[in-house]
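Trainee: I would like a close look at a single part of this structure, taken slowly and set among the pieces that surround it. Could you choose one and walk me through it?

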Amino acid sequence: MLGRTAQLRYDAPFLIDTGGYSSHSVSLADAILFALTVVVAWFISSSVCQYFRLRHFDGPLLAKVSNLWLFASVNGGRSYLDFWQATQKYGTIARVGLNDLVTDDPAFVKHMCNVKTEYRRSSWYDGMRFNPTSNNCLSTRDEIAHSALRSKMAAGYAGRDVDNIEPKIDNNIREFMRLLARYADTRTFVDLGRKVQYFTLDVISDIAYGAPFGFVETDTDVYEYIKTTEKNLPMVMVVTVFPWLLTLLNSPILKGLLPSTKDRLGFGRIMSIAKDVAAERFKPDAKDERDMLASFIRHGLTQTESESEILLQIAAGSDTTASAIRSTMLQMCSNPGILYKLRREIACADIAGDIISDSEARKLPYLQAVIKEGLRIFPPIAGLMSKEVPPQGDIWKGVFIPGGTRVGYSIWAITRREDIWGADALEFRPERWLHTLPEKVKEMESTLDLIFSYGRWLCLGRTIALIELNKVFVELIRRFDFTVCHPEKPWKVFNHGVFSQSQLWMHVTRTKEGD
Ligand code: HEM
């Protein structure tokens, strides 16, 4: 009968009016099953398509059919070793995810990152938003916006119109030396891993905010910054694998899990300090300072941009330099011959003040070799930092890479290539920088520089990091002797893009100069 009204069943909200010939109702369970089937079918078909897009690249089986290999690797804190092994086993461009490749070819990295490149930052960088609601220079993927931001900060980072970068670093070194002297005098073991991080956090907050946070002075994890960032870093890396998580985390339900300026401790507390510092600088009667932030503002950085960039300075400028100091110190303290040569060079050097100046340190060849070798053997940032292939695709050494593919690089693998560093590439040997032909040294230096990325995305803080390194080793080793407490397991290491190295227990005593 035409026009018959179908009877509603309580378990059948989805009713099909068949016009009276027959009626079929679909239960809620059927609907969910149908939706799930659609999702699974879509997932499988898109995975199959993705698999075929990059099937000419070899990699671990799981990485060819899903992103689970990549997820497990970055979440496990040892991705730097996994990426290295992948390039060794599967070739110079290896597949590590459905849409992810990793390379150990320095020429390819330069091709991807040069200033005229058509490659762009990939969705990997969405994970770099330290403040989930706004971008910073590192997380900005739009190239026009990124170049504009960089140009506002280039002078400040290069120290061109800033008066006090070196004196501020010197003050923080003095405070750091006082702290270590207390441990030496009380014969207490010291976790050098943590104390170095206190030092780099104070340096960077002094440069970025105008005053050190006070980690070294109080000898504590101020605002529990280190504790909370170590807890949150794995999540940051997971977002680099699954960028859609960021949208989920920003949803009203999950937003509470993210740091906020209302927090009393952790990264949220640092966000609120950054907000206050920026607000102070934008008051109508604000003083005209001569520090980095003032330089950024003079070159057009807005108040909101300033808040984000202060946070980026802290996040990008502390763990990186800390990792370089910790790993080089561990290598030196485990190689008495190297330590002896460096001490001899320092003893003969012309050092005018109580802290060596950057220009004095640059004239010490063995020190420079130690710094380079330390950065090579333990590059501080080992995340993929993937760039996206331009839409039309690209051909590298005869192999086609489809547009939209994310290509990252394994800096750990690059700094261990035997064709560049020699058969003893795994050894910490500063002499490799000194007794080598100039052309070879040039090749080594330009390859090592990739630890700071390259071209369009070259690290803005490179100069500051190198000033810190030029000073800190000289001051540490001329004042103190260090003995590693547990040489068989000297530290605890995790990598979540940057390294967390703690429990580096040392016994510290004063040298004659340190008395
Ligand atoms: C040894 C220490 C350091 C290393 C190895 C290092 C390495 C890097 C790398 C690999 C990048 C990523 C570039 C890319 O997207 O491809 C980067 C970006 C950046 N770094 Fe560093 N960094 C160090 C120290 C510092 C310091 C001390 C600061 C701040 C004072 C800093 C500030 C920045 C900034 C602002 C960016 C973003 C640049 C941009 O997006 O254009 N870095 N760094």
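**Ser 272, the E12–E13 hairpin and their surroundings**

Mentor: Let us begin with Ser 272, which has its place in helix H12. The model is a predicted one, and in it Ser 272 counts as partly exposed, because 17 C-beta neighbours lie inside 10 Å, whereas 20 or more would be needed for a buried residue. Between Ser 272 and Pro 243 there are 25 Å in space, C-alpha to C-alpha, for a distance of 29 residues in sequence.

Helix H12, which spans residues 266-281, is one of the elements against which the buried residues of helix H10 pack, and the others are helix H3 (68-75), helix H8 (192-209), helix H11 (245-249) and strand E12 (492-496). The residues of H10 that are buried are Tyr 225, Ile 226, Thr 229, Met 237, Val 239, Thr 240 and Val 241. H10 itself bends by about 35 degrees at Asn 232, with a proline, Pro 234, following within four residues. Its length can also be checked: at 1.5 Å a residue, the 17 residues of H10 (225-241) should span 24 Å, and the end C-alpha atoms are 25 Å apart, which agrees.

From H10 we can step to strand E12, one of its packing partners, and so to the hairpin that is the part I would have you examine closely. E12 and E13 pair in the antiparallel sense over five bridges, and within that pairing Lys 492 stands opposite Ser 502 in E13. One residue lies between the two strands of the hairpin, where Gly 497 takes a positive phi near 85 degrees. As for strand E13 (residues 498-502), four of its five residues are buried, so this strand is largely enclosed by the rest of the structure.

Gln 501 has its place in E13 and deserves a separate word. Gln 501 is buried, since 26 other C-beta atoms lie within 10 Å. If its neighbours within four places in sequence are left aside, Gln 501 is in contact with Gly 193, Ser 323, Arg 326, Ser 327, Trp 491 and Val 493. Arg 187, by contrast, is 314 residues from Gln 501 along the chain, and the C-alpha atoms of the two are separated by 23 Å.

Strand E12 also leads to helix H4, for the buried residues of H4 pack against E12 as well as H3, E3, strand E4 (100-103) and helix H18 (411-414). Those buried residues of H4 are Ser 79, Tyr 80, Asp 82, Phe 83, Trp 84, Ala 86 and Thr 87. The 12 residues of H4 (79-90) should span 16 Å at 1.5 Å a residue, and the distance of 16 Å between the end C-alpha atoms agrees with this. After H4 comes Gly 91, whose phi is positive, near 120 degrees.

Two of the packing partners of H4, E3 and E4, belong to an open sheet of five strands in the order E3-E4-E10-E7-E5, with mixed pairing. Its edge strands are E3 (93-95) and E5 (120-121), each of which pairs on one side only. Inside the sheet, strand E7 (residues 387-388) and strand E10 (residues 406-409) pair in the antiparallel sense over two bridges, and Glu 388 stands opposite Arg 406 in E10.

Further strand pairing involves strand E14 (residues 505-510), which pairs with strand E6 (residues 190-191) in the antiparallel sense over two bridges, Val 190 standing opposite Met 506. E14 is also joined by five bridges to strand E11 (residues 480-484), again antiparallel, and there the bridge partner of Asp 481 is Thr 509.

The ligand should be placed on this map too. There are 23 residues around the ligand, of which Gly 317, Thr 320, Ser 453, Cys 459 and Gly 461 come nearest. Helix H14 (303-333) and helix H21 (462-479) each supply at least two residues of this shell, with H14 giving the most, seven residues. The shell divides into 16 nonpolar residues, six polar and one charged.

Finally, for the setting as a whole, the protein chain holds 21 helices and 14 strands, and its C-alpha trace spans about 105 × 60 × 45 Å along the principal axes. Of its 515 residues, 43% are buried.

Definitions and conventions:
Residues numbered from 1 in each chain as written. Predicted model: local features only at pLDDT ≥ 70, side-chain atom pairs only at ≥ 80, totals over all residues. Expected span 1.5 Å × (residues − 1). Bend = angle between axes of the 7 residues up to and from the residue. Buried ≥ 20, exposed ≤ 12 C-beta atoms within 10 Å, placed from the backbone. Contact = placed C-beta atoms within 7 Å. Near = placed C-beta within 6 Å. Nonpolar A, V, L, I, M, F, W, Y, C, P; charged D, E, K, R; others polar. Pairing = 2+ DSSP bridges.
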